[in-house]
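Reader: I'm new to reading protein models, and I'd like to zoom in on one part rather than skim the whole thing. Could you walk me through a single strand pairing and what sits around it?

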Amino acid sequence: MMLDLGGAHVRPRDILGVFDLDNTTVQKATREYLAAAEKQGGVRTVSPELPRTFVVTGQAGGRTVYLSPVSAGTLKARSTKL
């Protein structure tokens, strides 16, 4: 089963965390993490719409951060239906 992030699909077992952008980017550490991930080429924007969440996935090849227009609550609801 795959979880739809609003333009990309990931396996739920690969998800390390789902974070609301408005609430988490207030912290300097979060902004630094996202900047470092982008610099390393590990950030994927899944839609041209304004991102509301970022989803961190971990796979054998490393970590990827997906910027998603779907709210964290909606992603949680979708994941429970899988």
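Author: Let's start where strand β3 (residues 15-20) meets β5: the two run antiparallel and are joined by five bridges. A quick word on names: helices (H or I, at least four residues) and strands (E, at least two) are DSSP runs, numbered from the N terminus. Two strands count as paired if DSSP finds at least two bridges between them. You can pick out individual partners here: Gly17 stands opposite Val56 in β5, and Val18 has Val55 of β5 as its bridge partner.

Before going on, some ground rules: this is a predicted model, where local features need pLDDT of at least 70 and side-chain atom pairs count only at pLDDT 80 or more, while totals for chains, interfaces and linings use all residues. Residues are numbered from 1 along each chain as its sequence is written, and side-chain values use heavy atoms, with hydrogens and water left out.

Now look at the other side of β5. Strand β6 (residues 62-68) pairs with β5 in the antiparallel sense, over seven bridges. Thr53, for instance, has Ser68 in β6 as its bridge partner. Together β5 and β6 make a hairpin, with two residues between them.

Zoom out a little and you get an open sheet of four strands, in the order β3-β5-β6-β4, with mixed pairing. β3 and β4 (43-45) are at the edges with a single partner strand each, so one side of each has no neighbour in the sheet. From one strand to the next, the twist averages 20°.

Helices come into the picture too. Helix α3 (residues 72-80) packs on the sheet, where it touches β3, β5 and β6, and its direction makes about 45° with that of β5. Helix α2 (residues 28-39) lies across β4, β5 and β6, running at about 110° to β6. For these angles, axes are lines fitted to C-alpha atoms, for helices over the stretch in contact, and the angles run from 0 to 180 degrees between N-to-C directions.

So how covered is β5 (residues 53-59)? Five of its seven residues are buried. Buried means under 20% relative accessible area, exposed means over 50%, and partly exposed is in between (1.4 Å probe, protein chains only).

Val55 also belongs to the largest nonpolar core, which has nine residues in all: Leu3, Leu5, Ala8, Val10, Val46, Val55, Tyr66, Val70 and Leu75. Val56 belongs to another core, apart from that one, with seven residues, including Leu21, Ala37 and Leu67. (A nonpolar core is a set of buried Ala, Val, Leu, Ile, Met, Phe, Trp, Tyr and Cys residues joined through side-chain atoms within 4.5 Å.) In soluble globular proteins, nonpolar side chains tend to be buried together. Back in the nine-residue core, Leu5 is worth a click: leaving aside neighbours within four places in sequence, Leu5 is in contact (heavy atoms within 4.5 Å) with Val10, Val46, Val55, Tyr66, Ser68, Pro69, Val70 and Leu75.

Next, find Asp14, in the loop between β2 (9-10) and β3. Is Asp14 buried or exposed? Asp14 counts as buried, because its relative accessibility is 7%. Apart from neighbours within four places in sequence, its contacts are Val56, Thr57, Gly58 and Gln59. With Gln59 there is a side-chain to side-chain polar contact of 3.4 Å. (A polar contact is a pair of N or O atoms within 3.5 Å; within protein, one must be able to donate a hydrogen and the other to accept it, and residues adjacent in sequence count only if both atoms are side-chain atoms.)

Asp14 also forms a salt bridge with Arg11, the closest N and O atoms being 2.9 Å apart. Here a salt bridge is a side-chain nitrogen of Lys or Arg within 4 Å of a carboxyl oxygen of Asp or Glu. Arg11 itself is partly exposed, at 35% relative accessible area.

The structure holds three salt bridges. Another one takes you back to helix α3: Asp4 pairs with Arg78, with 4.0 Å between the closest N and O atoms. That pair links distant parts of the chain, since Asp4 is in strand β1 (residues 3-4) and Arg78 is in helix α3, 74 residues apart.
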